[in-house]
Structures are given as structure tokens and as C-alpha cells.
Amino acid sequence: MIEVRNIVKRFGSLEVLHGVSLDIADGEIVSIVGQSGAGKTTFATLIPRFYEATQGSVEIDGIDVRDYAKSDVRYYMNSVLINEIFTEKERAVILTSWVD
């Protein structure tokens, strides 16, 4: 289980995440979608510790990710950033197919 609790992330004086919380069950697949600049990538990079949260915590099975070596967390986690694997046309088709 991954538990994200009241995450705040700032880059200098710019706060890009404020009070974000989320529980992800073992084996669950999660997609993070939103407008450009909404903080999706920043949020996703907190779990494998590419960035550290300014406030709040990220825990895996009740243990704060800061207590793990970065290499250990990254070894057991997979993430796919859609911007890296699809062309602009493919992204448009995928994104519009999700809208009801």
C-alpha cells in the first residue's frame, strides 16, 4: 500500500502541490491526468524520490520512502509518462477516447 499524506511541494516560492493525499492499494494501477502545469509529474516523481516533498509524507507499507534507499524504491516501482512514449497524434487519440 502506498499512502500519500498532505503533500506540499514547493520550488522556491512557487507551491505546485498543496495538501495532496492518496491511497494506492497493492496491485492497483493509477493514472494521473490533468491540465498542463497542474503538478502531475511532480506528484508522480515524489514516490520514487526524484523530488522530496516540502511537507507531508509518502509511505510504502507504513514506512516513509525517505527511510528507503532511492535505488531500492525505484527498483520496485514502474511508471510511464505518456509524453515519453506517444507521438502528439497518438496522445490526442488516447486522451479523446477517455472522454465520455
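This report describes the fold, the sheet, the salt bridges and the internal cavity of a predicted model.

**Overall architecture**

The chain has four helices and four strands, and read from the N terminus these elements follow the order β-β-α-β-β-α-α-α. Of the 100 residues in the chain, 22% are buried. When contacts between residues at least 6 apart in sequence are considered, 44% of them join residues that are at least 24 apart.

**The sheet**

The four strands form an open sheet, in which the order is 2-1-3-4 and the pairing is antiparallel. Strand 2 (14–24) and strand 4 (63–64) stand at the edges, and because each has a single partner strand, one side of each is left without a neighbour in the sheet. Strands of a sheet pair through backbone hydrogen bonds, in either a parallel or an antiparallel sense.

Strand 1 and strand 2 run antiparallel and are joined by eight bridges. These two strands make a hairpin with two residues between them, and in this hairpin G12 takes a positive phi near 65°. On its other pairing, strand 1 (residues 2–11) meets strand 3 (residues 55–60), again in the antiparallel sense, over five bridges.

Individual residues show how these pairings are laid out. E3 has D23 as its bridge partner in strand 2 and E59 as its bridge partner in strand 3. For V4, the bridge partner in strand 3 is V58.

**G56 in strand 3**

G56 is found in strand 3, and with a relative accessibility of 32% it counts as partly exposed, since that value falls between the limits of 20% for buried and 50% for exposed. Leaving aside neighbours within four places in sequence, G56 is in contact with R5, N6, I7 and R66. The C-alpha atoms of G56 and V20 are 8.7 Å apart, although 36 residues separate the two along the chain.

**Salt bridges**

Side chains of opposite charge can pair when their charged atoms come close. A search of the whole structure finds five salt bridges, and the table lists three that are described here.

| Salt bridge | Closest N to O separation |
|---|---|
| R5 with E3 | 3.3 Å |
| R5 with D23 | 2.6 Å |
| R49 with E52 | 2.9 Å |

The side chains of R5 and D23 meet in a salt bridge with an N to O separation of 2.6 Å. This pair links distant parts of the chain, with R5 in strand 1 and D23 in strand 2, 18 residues apart. R5 also forms a salt bridge with E3, and E3, R5 and D23 are thus linked in a network of salt bridges. E3 and D23 are bridge partners in the sheet as well.

How buried or exposed are the members of this network? R5 has a relative accessible area of 30% and is partly exposed; E3, at 23% relative accessibility, counts as partly exposed; and D23 is partly exposed, with a relative accessible area of 40%.

The pair of R49 and E52, whose closest N and O atoms are 2.9 Å apart, joins residues of two accessibility classes. R49, at 11% relative accessibility, counts as buried because the value is under 20%, whereas E52, at 29% relative accessibility, counts as partly exposed.

**The internal cavity**

How many cavities of 30 Å³ or more does a search of the whole structure find? The search finds one, and the largest cavity holds about 50 Å³ of space. Rolling a probe the size of a water molecule over the atoms shows where empty space is left.

The lining of the largest cavity consists of L46, Y51, E52, A53, S57, V58, D64, V65 and R66, and by class these comprise five nonpolar, one polar and three charged residues. Several of the lining residues have already appeared above: E52 takes part in the salt bridge with R49, V58 is the bridge partner of V4 in strand 3, and R66 is among the contacts of G56.

Technical notes
Residues are numbered from 1 along each chain as its sequence is written. This is a predicted model: local features need pLDDT of at least 70, side-chain atom pairs count only at pLDDT 80 or more; totals for chains, interfaces and linings use all residues. Side-chain values use heavy atoms; hydrogens and water are left out. Two strands pair if DSSP finds at least two bridges between them. On a 1 Å grid over the protein atoms alone, a cavity is a set of points where a 1.4 Å probe fits but cannot get out, and a pocket is an open set with protein on both sides within 12 Å along at least five of seven lines; lining residues have an atom within 4 Å of a point. Grid points are joined across faces, edges and corners, and a volume is the space filled by probe spheres set on the points. Ala, Val, Leu, Ile, Met, Phe, Trp, Tyr, Cys and Pro count as nonpolar, Asp, Glu, Lys and Arg as charged, and the others, Gly among them, as polar. Buried means under 20% relative accessible area, exposed over 50%, partly exposed in between (1.4 Å probe, protein chains only). Contact means heavy atoms within 4.5 Å. A salt bridge is a side-chain nitrogen of Lys or Arg within 4 Å of a carboxyl oxygen of Asp or Glu.
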